[in-house]
Amino acid sequence: MTKLLEVKNLTMEFGGVVALKEVNLHVSAGEIAALIGPNGAGKTTVFNVVTGYYQPTKGDVSLNSQSVLGLKPNKIARLGLARTFQNIRLFGDMTALENVMTGADARNKVGLIGSIFGTSTSRQDEKLSHSRAAELLTFMGISHRSGQLARNLPYGDQRRLEIARALALEPKVLLLDEPAAGFNPQEKVELGELIKKIRDAGFAVLLIEHDMSLVMKISDRVSVLDFGQKIAEGTPSEIQSNQKVIDAYLGVVDNAS
Amino acid sequence: MDFSILWSEFFGLTLDGIVVGAIYALVSLGYTLVYGVLRLINFAHSEIFMIGTFTSLGLSIVFGYTGLEEPLGIVLFFFVFLVMALASGIASGMSAVLLEFVAYRRLRRRGANCLSSLISAIGASFFLVELFRLTTESKDWDFPRMLSKDPVFSISTAYFTLDKIIILLGAFGLMFGLDRIINTTRLGRGIRAVSQDEKTAILMGVNVDRVISFTFLLGGVLAGFASTFYMLFYESTKFNVGFLLGISAFTAAVLGGIGNIRGALVGSFVLGLLQQYSSVVLGYNWRDVVTFVILVFVLLFKPTGLFGEAIQRARV
Amino acid sequence: MSLVKRSIGVAASVAVAFATFVAPAQAAPAGCNGNIKLVFQGGLTGGAAQTGIGEYNGFRLAILQYNEKKTASQPKVEVASIDTQASGSQSPALALKTVNDRCVVGVVGGMYSGETAAALPYYLKAGLPVISPSATNPTLPSVGGDVFHRVVANDLVQGPAMSKIAKREGKRIFVVDDQTTYGKGLADIIKKDVKATLVGKDSVTEGTTNFSSVVAKVKKAKADVVVYAGYYPEASKFIKQLRNNAATKNVKFVSGDGVLDEEYILLAGKYANNTYLTAPAYFLGAADKALTATYKKEYGVNPRIYTLEAYNATLFFLEAIKAGNTDKPSILKFINTKSVKGIGTTMKFDKAGEPSKKFINEFTVKNGKIAYVRNLINR
Amino acid sequence: MSSYKTVLSKINLRDSFGAWWENATKRQRIIFRVALIGLFYALPFLDNPIIGTPETNFQSVLFYPLAVFVVMAVGLNIVVGKSGILDLGYVAFFAIGAYTHAVLGTFYGVNLWINIILGAAFAMVAGVILGLPALRLRGDYLAIITLGFGEIVRIVALNLEFTGGAAGIQGIPAPPNIFNVTFDVLDPKPHYWLMLTFTMLVVWMYMRLGKRRPGRAWEAIREDEDVAEFMGVETTKYKLWAFVLGGAIGGGAGAIYASQVASILPDYFTLNVSILVLACVVFGGMGNIWGVIAGAALLQYLPEKLRFLSETRILIFGLLMVVMMNIRPDGLFPRKKREKVYDKVTGQEISR
């Protein structure tokens, strides 16, 4: 199993406040890795460092065993790291289709001049983006929304659209930030299936999630963060029986779900 | 390029720079306060200032003072001046509140794009300028000499005349007062709360409408006082008096970090001095170029102004 | 205020129109029911409205008197005006409207050099004669060709006049301009003239209020004469701040026709006294008491600088019309060849359209009143 | 009552036109386009009391301010409307273009056709020089920087020798005849047609970009710059492109303007112009090019039409702006895509 995404003893400080301390993580091809932990454990911070939004104080992040430190987020994204957001952040005034196409464009070459004169490459790229976007909308089961403005979509579909937009980048690793937030049990089950489907489609997934039942059901490997430190890592079953984790979550597990 | 003047006249230039800066500061506070709570460039603020100048002028006429011939006795002066300052403060403050009510409130309620509010503000500004142009016959109006301009004392080439001293003391007094209001009163806390995070503020039961009106009132009153100081210093006004001063004051606010009160103050004094120094070194006509080039450099190294913004927007 | 002005204007034109209806005149361009139009170009609104309205009144007065006195055979003259707000960007569209109106046979204006320069190409193409009462920039004839004329001497004459005073009054001269077409042009000429004794220069902008940096320079340069080329609003602030500084309170202050205005005295108060002012103009008040009275009766205000020049410029057109010229070419020919007696001077134009009699008068302010001192240049 | 209400709510010109347009055959579209363009070219001949301007020459007004401001509004719309970058110094690019033709055309006999391109080029260079550092700043800081830039260009023009200082430049040459149309001072029509052609070129370019990748990138940046970056959009590059393209359009327009007015002064290029162009963009409806065009035309036409009010016209104009923005905060013709809703099962579009 090749490690696609690897985070080596990552430390992140904000003005002396330590958000992450010596964190080691990795995501291998074809797996669903989960990152769990109580609120404020620093899970989202990991995403922000990995995607290049923050520069880590110490440590290294590498994609395909090639360091991405100091690269701009858009470069990292095009190298194969796509994410969704805890609080949904779509391009509200663009249609669902355009949202996904924007993601798909990242795979294309055509520049501005090409677009003006409508060179053959540009036309091909447009077609490509369009078809890829359409496929993804179908894949996420929201093809019927393609013509609607993102901000007018129902909550669930917005979450799905965000995932579709991220997938459009054809990432090596897909980072999902609490995708199940605000879902009812039924939707959560569907989502679980969906994430598996995504994995099977050949995308590795790193998942931040509060809902333990979901995490335990779908993930192949679970890492636990607490106060910015990794306190455990292992298969769901190992984690469930891990004393440290239980202490950290002491009674949190239930009402978090 | 002539630096020798800068040295020989340094103290004089510095004093005037600070006096001008003090006037800028009072106006730029209006921009920065409003920006803090609304994220809006209150384009019509310069006209609020202009209204203040004409209020002072009107009172001088009511009191029957004209020309430069008889400086008032110091006692009488203070009475008259106080009345003028208060009147201008009230007039400007009221018109600022009215402005917010007419030009911004409805847009804000509808959660409109801030640019729409900006255009609304520009429209309001056109309206006010034209209104005063027509009613004042587009003339320059002179303001009576209320105090002798003979220096009370001087440090090297810096001549401290009464009006300069009064402006400095007055401005600093007002800034202190504002600081008290913002930090101790309930509405002041409201302003800070809304600046930090409007939604939460609402949840905490802050009456946003009242806070915003109060913010405009504060900004307006400060501009009003500034206008009286301005009249005392320059002794004339015109319908378009606000425009140039407004740009300078807004620049100062940005220089210091818009939305940040301390920033606005420091920015104003820095700008006031910059304009003085640059205009003797390179010539008055290059003054604004120098100012803006320096502004660009400041922002390049400190992208949110000298003091940064008080309000950090929530990220990701 | 403005309303009154407008209603007067309306009343006047209505009267004219009515009179025309009863007594149709013979010679006049077709389709103008016997009337011909003269147009005033200038800033009737905007920052410079004060001077503009003064000139416009002079213009209207001349025509009013002509229409009262005229014989039945002579065509009525209609009053028209285009308000450029003294800004060049406004003039083209207005100028084009004017040249396309076939009843218009002449333009009195423009008032400032900038707006005039912007409009002249149109007038030139259309062969529409122009007489400006107050645009003094030397470059204008090159733009206006044979249609452009002015009743005032240009800055090439006024500049030296100001230099003359400056040299007469002191040894160390400091020149300040306001970067307007008028001010900068004038200042450049003066700087050349006084080169030997020039100790410093600076340029401010219109709307400048804080002159302390300029004052500091004047002080440092130990200048004994300050020449300001610009308009009265800034000049009044400048002189105040000079006088209020111990080091510069006694410098001589020399300025031009842009400052020669009651407003200047109003704004600068006692500090206006004993400042040296020049103008290629007379003051209506001084030149013709009777006319001044009629003027006051008609418009309820005092005549201003260039009111007289506007009146004279209009007289030139009216003379041409009286002589039976009612179309552009003939009027233009008349203006280019004949001479006309105006108030206080006889007007004739040279090839470039400059007055053949160029004069500059020196004025000063004596206890709050503008006073004529002497004629500086007369050639 | 209610039924009549629903009927009213169904009446929505933008959408119903959008519907017609989508269902229109290629032939219908072409006819419509040709008719519209024809109308625009014919405008100068439609000078009548109803649409004509009482105090000013209608044909001349069509060129300046109308056509000039329409082009500038379209250009600025790429920056402000499409990409959400607040630019308060747009006049700078206009001035650069104008002075390019004024200087090169008058003193070096370069003809307008070349100067339009040069003007655009110089404007682009200026755009890069300003944009590279400035575009890193957020909205309002950028606003004041651009404002400063606008002023600086004017002040420099005022203080340099070869720009004629305050006196500006006179006798700027008009272009040589093309298909025996003479560019005469007294006849604004050719210049209007030229500007119109330029406008259509710009609009064509904008349409190409707008619905392709760059358009999406710009909108994404406007909607949420951070997320755009996360989604692989090279935000810096596209922001710079928007800024520079907008500038180029302003520059080209400036060159044509200079050729028509034949004499330019620094005080044609004050901050007010920038503000007015911005007003045009927002007034018409940011990001919706047709709205922007309509808004600019209206906003520039009204003051000329209102001239009979002489003294009070700007007063009323300002009042109108306030009222207008309060009634329609998103402008006359807001940017709002016509939403298509499909049936979940059949996938057919549901008309609503």
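In what order do the 6 strands of the open sheet of chain A follow one another? In this predicted model, the order is β6-β7-β8-β3-β9-β10 (chain A), and the pairing along the sheet is mixed. The edge strands, each of which pairs on one side only, are β6 (81–83) and β10 (229–234) of chain A, and from one strand to the next the twist averages 20 degrees.

At the β6 edge of chain A, β6(A) runs parallel to strand β7 (residues 173–177) of chain A and is joined to β7(A) by 3 bridges; in this part of the sheet, Ala82(A) stands opposite Leu174(A) of β7(A). Helix α1 (residues 43–50) of chain A lies across β3 (32–36), β6, β7, β8 (204–208) and β9 (221–226) of chain A, and the direction of this helix makes an angle of about 145 degrees with β7(A).

Two contact surfaces elsewhere in the model can be described by residue class, as tabulated here.

| Surface | Nonpolar | Polar | Charged |
|---|---|---|---|
| Side of domain 1 of chain C that touches domain 2 of chain C | 6 residues | 7 residues | 1 residue |
| Side of chain D that touches chain B | 20 residues | 5 residues | 6 residues |

Within chain C, the domain assignment gives domain 1 (2–154 + 283–348) and domain 2 (155–279 + 360–378), whose C-alpha centres lie 31 Å apart; 14 residues of domain 1 of chain C are in contact with 16 residues of domain 2 of chain C.

Between chains, 31 residues of chain D are in contact with 34 residues of chain B, and on the chain D side α7 (139–159), α12 (271–284) and α14 (313–327) each supply at least two residues.

Conventions:
Residues numbered from 1 in each chain as written. Chains lettered and ligands numbered in written order. Predicted model: local features only at pLDDT ≥ 70, side-chain atom pairs only at ≥ 80, totals over all residues. Domains from an automatic or database assignment. Contact = placed C-beta atoms within 7 Å. Nonpolar A, V, L, I, M, F, W, Y, C, P; charged D, E, K, R; others polar. Helix = DSSP H or I, 4+ residues; strand = E, 2+ residues; numbered from the N terminus. Pairing = 2+ DSSP bridges. Axes fitted to C-alpha atoms, helices over the stretch in contact; angles between N-to-C directions.
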